Amino acid sequence: TFFRLFVALVLGFVVAHGLSPITVARDLRAVKAAWMTVASLPGFVALVLILALFGSGLALPPSTNRWLYEALAVGWAAAVTASVVSLSMLERLDFRHRRSRQAEFLLHLRAPPEALVQVLLRGALPTAVAATANAATGALTSLAFAEYIFGLTGFSITFFRACEHGDLAVVCFGSLFLAWCLLAFHMSAE
């Protein structure tokens, strides 16, 4: 679970860091709408739809296509991370609404939008790192649902089964460990 989470956070950060400047510089409203849709779509709904598409529609069940569903689980968690990071970066990079002094100066010099966004991107990097740390909760939730829905191995399955059977030792350990991990992510975001 945590290896999948780490891979999803790194992929999401890289995608958001690459697409956000292009989205702002070219004013791509469709990309912004896509990020909003991914961020607002409940994880279990998206994962059930993915399972229906690949499992029933394309006849690729999880039992015989483990790597496909591993990739889908990490991919969806990365998409959730990228959407959260992109939305925070788009707000920071969109120089048309709230302009910094740097943006005002570059606009006065008639700098092209791509150059302006690249300068503002350096200032938005701490925001992107903090948003990635804050996206860990959503990515972890998506991965827990993915492991359960796709039948993947991971701590989430053990935790869910312990909750069903009343195994307090595993439930307490899992809850405290996850709380500690999320606290560490939020402290790094601070």
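How many aromatic pairs does the structure hold? The structure, a predicted model, holds seven aromatic pairs. Two of these are described below, together with one aromatic cluster, the contact between helices α3 and α7, and the confidence of the prediction.

**Confidence**

- The protein chain has a mean pLDDT of 84, and 93% of its residues reach 70 or more.
- Confidence within the protein chain is highest in helix α3, with a mean of 89.
- The lowest value belongs to helix α5 (residues 101-108), where the mean is 69.

**The F2–F177 pair and the aromatic cluster**

- F2 and F177 form an edge-to-face pair, because their ring planes stand at 85°, over the 60 degrees required for that class; the ring centres are 5.4 Å apart.
- This pair links distant parts of the chain: F2 lies in helix α1 (residues 2-26) and F177 in helix α9 (residues 168-189), a separation of 175 residues.
- F2 has a relative accessibility of 28% and therefore counts as partly exposed.
- F177 is likewise partly exposed, its relative accessible area being 32%.
- F2 and F177 also belong to one aromatic cluster, which they form with F173 and W180.

**The F155–F159 pair**

- The aromatic pair of F155 and F159 is tilted, with 6.0 Å from centre to centre and 35° between the planes.
- Both residues lie in helix α8 (residues 155-165), and because they are four residues apart, about one helical turn separates them.
- F159 counts as buried because its relative accessibility of 17% falls under the 20% cut-off.
- F155, by contrast, is partly exposed, with a relative accessible area of 23%.

**The contact of α3 with α7**

- Helix α3 (residues 43-57) and helix α7 (residues 136-150) have axes that come within 9 Å and cross at roughly 35°.
- The crossing in which α3 passes α7 is right-handed.
- On the α3 side, the contact is made by G43, F44, L47, V48, I50 and L51.
- On the α7 side, the contributing residues are S142, F145, A146, I149 and F150.
- By residue class, this contact of α3 with α7 comprises nine nonpolar residues, two polar ones and no charged ones.
- Helix α3, one partner in this contact, is also the element with the highest mean confidence in the protein chain.

Definitions and conventions
Residues are numbered from 1 along each chain as its sequence is written. This is a predicted model: local features need pLDDT of at least 70, side-chain atom pairs count only at pLDDT 80 or more; totals for chains, interfaces and linings use all residues. Side-chain values use heavy atoms; hydrogens and water are left out. Axes are lines fitted to C-alpha atoms, for helices over the stretch in contact, and angles run from 0 to 180 degrees between N-to-C directions. Helices (H or I, at least four residues) and strands (E, at least two) are DSSP runs, numbered from the N terminus. A crossing is left-handed if the near helix is turned anticlockwise from the far one by less than a right angle, and right-handed if clockwise. Contact means heavy atoms within 4.5 Å. Ala, Val, Leu, Ile, Met, Phe, Trp, Tyr, Cys and Pro count as nonpolar, Asp, Glu, Lys and Arg as charged, and the others, Gly among them, as polar. pLDDT is the predictor's confidence in each residue, from 0 to 100. Rings of Phe, Tyr and Trp (its six-membered ring) pair if their centres lie within 6.5 Å; planes under 30 degrees apart count as stacked, over 60 as edge-to-face and the rest as tilted. Buried means under 20% relative accessible area, exposed over 50%, partly exposed in between (1.4 Å probe, protein chains only).
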